Amino acid sequence: MTVTEPSPIMKNNKYNLRAIAANAIAQVLDKGQSLSNVLPEMQKPLSDKDRSLIQELCFGTLRVLPELEWYIHRLMDKPLTGKQRPLHYLLLVGLYQLLYTRIPAHAAVAETVNGALALKRPQMKGLINGVMREFQRQQQALTEQQQHEKSRYQHPSWLLQRIQDAYPEQWQQIVEANNQKPPMWLRVNRQHHSRDAYLALLQHAGIDAHPHADYTDALRLTTPCPVTLLPGFSEGWATVQDASAQGCIPLLAPENGENILDLCAAPGGKTTHILEAAPDATVTAVDIDENRLKRINENLTRLGQRAKVRLGDGRDPLSWCDGEFYDRILLDAPCSATGVIRRHPDIKWLRRSDDINELAALQREILDAVWPRLKPGGTLIYATCSILPEENRLQIEEFIKRHPDAVPVAIDDSGATYRQNLPELEGGDGFFYAKLTKA
């Protein structure tokens, strides 16, 4: 009879959630993995309640990582390294609970100490307990002192400097927004309901929401909730999508009967928005990541839509376009994602300063490659979820210099030919749009 070794994060059929969170954070900080890739597998055996707690512990810890590291540096004489490194991440999770959650302190300490057992380091229980108890004793003095340290900005120094250089008057507002939990925005499917009609349905269900001033399909929930509580979600009446991301489609202005390309389309939020606006358009959705193509198909299925979904590299359109030309192209270009840090705080620790120039070079290649597939008189929307000028305004200015037939188009009454949204506490994420037509 074969005896299966119990999971290192499980004891007596009970999972230690702090150990799971520590393992997930280690995958991000030591292995360069994103939480979006790591967490789903780790959450599979857990209840809905435990999945939510794991998400809170991981995202929250990475959101305020510099602050937590600062505390540990002052509470310990030597850092935990080598085989003991997972316990360092366990301590980060423990301190996050004491500072930022409503978990009773005694429970947070006890479960974190038990995490050492789950991580197969029983001899370290005393150390974990000692550090957390000492933090409780010194918490007020330490938190007051930390407010005068640079770590209070919760950003790596290279990124903080880039934000300060790009936005000398607004950088503190940006950093503050990045450090908050994101609001939950919905996109109302106009094929089913007007925004006002769906707002009434939400109110009837006891869900409070507010319309966006500029984006006519967007509603912000006062308090985020599970999608299972949203009226008609499984029938495609609404989609969870940030307000700023929704701004692409009014600029693209798709029409029925047109041939439209959504490039770098996964997970399909903009593809489905195009089809809500122009259900009789022919839409091709292309992405380089085969796994993420599944998300596009899932979103199309839930909304009852059809599109041509293709695996392909934006730098090589001839390998997937079948010789077609397009009336409109939406290029949601690969970028640093510095506009969506509050949704993905691991971005701060996965990105490096050198990445920005590499990403800008990739964007340039894709723009130059796909431009010939746009019909004369056609429209291209260039979009990123970045706030850095190298990926946005400067990228488009250089593109126009290289392509005399690229004509910038005003996108609002001010005559501006691009728009840079910055993350707002109760607003949309950081997002950039530029609109070009082909002469």
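## From the annotated cysteine to the domain interface

Leaving out residues up to four places away in sequence, C385 touches C335, A337, T338, G339, V340, G430 and F431. The model in which these contacts are found is a predicted one, and C385 is a natural place to begin reading, since the UniProt annotation "active site", from an unreviewed entry, covers C385. This cysteine is placed in the loop between strand β11 (374–384) and helix α17 (393–402). With a relative accessible area of 18%, C385 is buried, because the cut-off for that class is under 20%.

F431, one of the contacts of C385, leads to two further residues. Among the residues that D332 contacts, with neighbours within four places in sequence left aside, is F431, alongside L263, C264, K270, A383 and T384. D332 itself belongs to strand β10, which spans residues 326–332, and its relative accessibility of 15% makes it count as buried. F431 also appears in the list for S244, which touches Y215, N421, G428, D429, F431 and Y433 when residues up to four places away in sequence are not counted. S244 sits in helix α11 (residues 243–246), and at 2% relative accessibility this serine counts as buried.

D332 also opens the way to a second annotated group. The unreviewed UniProt entry carries a "binding site" annotation that covers C264, A265, A266, P267, G268, G269, K270, D287, D313 and D332. Within this set, D332 is in contact with C264 and K270, while D287 touches C264, A265 and A266, and in addition R292, L293, R310, L311 and G312, again without residues up to four places away in sequence. What does the side chain of D287 reach at 3.3 Å? The partner is the backbone nitrogen of A265, a residue that the "binding site" annotation also covers. D287 is part of strand β8, which runs over residues 282–287, and counts as buried with a relative accessibility of 8%.

From these local settings the description can move to the chain as a whole. The domain assignment gives domain 1 as residues 17–154 and domain 2 as residues 242–438, and the C-alpha centres of the two domains are 37 Å apart. Contact between them involves 13 residues of domain 1 and eight residues of domain 2. The size of an interface is often expressed as the accessible area that is lost when the parts come together. For domain 1 and domain 2 the buried area is about 810 Å², and carbon and sulfur atoms give 62% of this area. On the domain 1 side, F59, L62 and R63 supply 42% of the area that this domain buries against domain 2, which is more than any other three residues supply.

How many residue pairs are in polar contact between domain 1 and domain 2? The count is five, with both residues of each pair at pLDDT 80 or more, whereas the rule for salt bridges finds zero across this interface. The elements that give two or more residues to the side of domain 1 touching domain 2 are the helices α1 (17–31), α2 (35–43), α3 (48–63) and α4 (65–75). Of the elements on that side, α3 gives the most, with three residues.

Key:
Residues are numbered from 1 along each chain as its sequence is written. This is a predicted model: local features need pLDDT of at least 70, side-chain atom pairs count only at pLDDT 80 or more; totals for chains, interfaces and linings use all residues. Side-chain values use heavy atoms; hydrogens and water are left out. UniProt positions are given in the numbering used here, feature names are shortened, and annotations may be inferred rather than shown by experiment. Helices (H or I, at least four residues) and strands (E, at least two) are DSSP runs, numbered from the N terminus. Buried means under 20% relative accessible area, exposed over 50%, partly exposed in between (1.4 Å probe, protein chains only). Contact means heavy atoms within 4.5 Å. A polar contact is a pair of N or O atoms within 3.5 Å; within protein, one must be able to donate a hydrogen and the other to accept it, and residues adjacent in sequence count only if both atoms are side-chain atoms. Domain bounds come from an automatic or database domain assignment. Buried area is the accessible area (1.4 Å probe) that two parts lose on being put together, summed over both. A salt bridge is a side-chain nitrogen of Lys or Arg within 4 Å of a carboxyl oxygen of Asp or Glu.
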